[in-house]
Amino acid sequence: KAGGKAGGKKGKDLTADRTIESLYAELVELGIVQPVPPEHTLDAYAGDINIMGATLERNKYFPDPSMAQVRQMVTELAVLPLGASGETVHSAIPGHCKTLLLYGCKDTGKTALAHAIANHTGAIFFNLSPRNTDGKYPGKKETTLMIHMVFKVARTMQPAVIYVDELEKVFLSDKKKLREYKSKELFNRIKKDLLKEVKGMKKGERVMIVGCSSEPYLCVKKDQRGFMKEVSRFVYCPVPDDLSRRRVWEKCVERRVAETVAAGLVWPEPAEDAEREADGADADGSAEEAPEEAAGDVPAETTTGDDGAPAAPPGESPDAPPAEEGEEGEGEPDIEGQPAA
């Protein structure tokens with residue numbers, strides 16, 4: 001035993017004849033090292049505080065954590081330890097968080113939070129999820145080699161985030177249930193080697209395993225004991241409440257407006273809006289005046305006399321015969337029918 005009882009047994013380097021660059025390139029080619037979307041940050045995990053939380057707790061009712069509390073916990077447990085390179089921060093942290101589990105319903109932002117941890121700390125992102133590694137490095141020896149390569153590159157290029165989605169399925173021991181997922185390799189094939197590497201992680205190493213789970217209740221009895229024992233910290237990701245939904249909608253609208261402007265569809269300037277409103281007001285005013293002007297051209301209402309016959313217009317005799325058609329503009333005819341001089 002190297003180092004005696006205190007040092008323990010030192011593992012054999014399975015890739016002593018290879019460089020870190022070649023190991024990194026192989027993991028990238030197989031999709032185990034993945035790029036992280038830059039838009040996934042803690043600010044993008046939009047949500048507000050629960051203003052009724054303190055009141056409910058005083059009445060011995062403990063509500064779900066707010067999304068603001070989730071951001072705070074992720075910052076304290078993952079971002080600060082991974083982002084700090086000195087021993088000062090690590091010595092001030094009460095416990096060394098080797099594994100962090102984000103659990104909750106589906107589509108509550110668990111994977112986005114794992115990406116946010118890598119973005120804020122500049123960490124390299126390894127995806128060791130069973131579905132991502134299915135069909136890669138088949139067999140027991142190859143699985144051991146894969147885990148060894150991941151942790152060797154992670155320790156060399158720290159900070160590093162090792163992401164494991166559906167972590168509860170890694171701890172399942174029921175092979176019949178594991179075969180129901182119809183995968184090429186059983187989901188729990190990385191359990192033994194993964195736990196071995198986790199036990200070898202020391203305080204001060206900026207390497208963290210971030211797991212996600214939407215069905216933690218699948219682990220029962222001995223599987224549950226092992227699952228709860230190996231995870232250092234648990235953070236529940238709740239469904240957004242009313243205030244958080246409002247913040248999410250605001251973020252969505254801001255993002256859509258930014259995408260529209262980036263696509264070249266420029267929104268009208270405030271000055272253009274004011275001019276358009278002024279033009280609309282002028283058009284409305286002219287439209288209101290037009291009926292009034294038209295009303296002045298309408299002839300006066302016809303009045304009737306005492307006998308019910310229509311009254312003659314002012315300045316005309318009621319007994320005067322009407323003018324014949326075609327004689328408008330000509331002088332009055334004389335007695336003999338000749339036009340007047």
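The following exchange explains how several descriptions of this predicted model are reached.

Author: In this predicted model, local features need pLDDT of at least 70 and side-chain atom pairs count only at pLDDT 80 or more, while totals for chains, interfaces and linings use all residues. Residues are numbered from 1 along each chain as its sequence is written, and side-chain values use heavy atoms, with hydrogens and water left out.

Reader: What makes the contact between E166 and K169 a salt bridge?

Author: A salt bridge requires a side-chain nitrogen of Lys or Arg within 4 Å of a carboxyl oxygen of Asp or Glu. The N to O distance between the side chains of E166 and K169 is 3.4 Å, so the pair meets that definition. The structure holds 7 salt bridges.

Reader: Which residues are joined with K169 into one network by salt bridges that share partners?

Author: K169 also forms a salt bridge with E168, where the closest N and O atoms are 3.1 Å apart. Another salt bridge joins the side chains of K169 and E215, at 3.3 Å from N to O. This last pair links distant parts of the chain, 46 residues apart: K169 is in helix α9 (residues 167-170), and E215 is in the loop between β4 (207-213) and α12 (222-230). Through shared partners, salt bridges join R131, E166, E168, K169 and E215 into one network. Helices (H or I, at least four residues) and strands (E, at least two) are DSSP runs, numbered from the N terminus.

Reader: Why is K169 called buried, and how is E215 classed?

Author: Buried means under 20% relative accessible area, exposed means over 50%, and partly exposed lies in between (1.4 Å probe, protein chains only). K169 has 2% relative accessibility and therefore counts as buried. E166, at 16%, is buried as well. E215 has a relative accessible area of 23%, so it is partly exposed.

Reader: Why are α4 and α6 described as oblique to each other?

Author: Two packed helices are described by the angle between their axes and the distance between the axes. Axes are lines fitted to C-alpha atoms, for helices over the stretch in contact, and angles run from 0 to 180 degrees between N-to-C directions. Angles under 35 degrees count as roughly parallel, over 145 as roughly antiparallel, 65 to 115 as roughly perpendicular, and the rest as oblique. The axes of α4 (residues 67-83) and α6 (residues 110-121) come within 10 Å and cross at roughly 40 degrees; the two helices are therefore oblique.

Reader: What makes α8 roughly parallel to α11?

Author: Helix α8 (residues 140-156) and helix α11 (residues 191-199) pack at an angle of about 30 degrees, with their axes 9 Å apart. That angle makes α8 roughly parallel to α11.

Reader: What is unusual about D107 and Y137, and are they buried or exposed?

Author: Most residues other than glycine have a negative phi, and most peptide bonds are trans. D107, which is not a glycine, has a positive phi of about 60 degrees, and it lies in the loop between β1 (99-104) and α6. With a relative accessible area of 81%, D107 is exposed. Y137 has a positive phi near 50 degrees and lies in the loop between α7 (130-133) and α8. At 8%, Y137 is buried.

Reader: Where is a cis peptide bond found?

Author: A cis peptide bond joins Q158 and P159, with omega about 10 degrees. P159 is in the loop between α8 and β3 (160-165).
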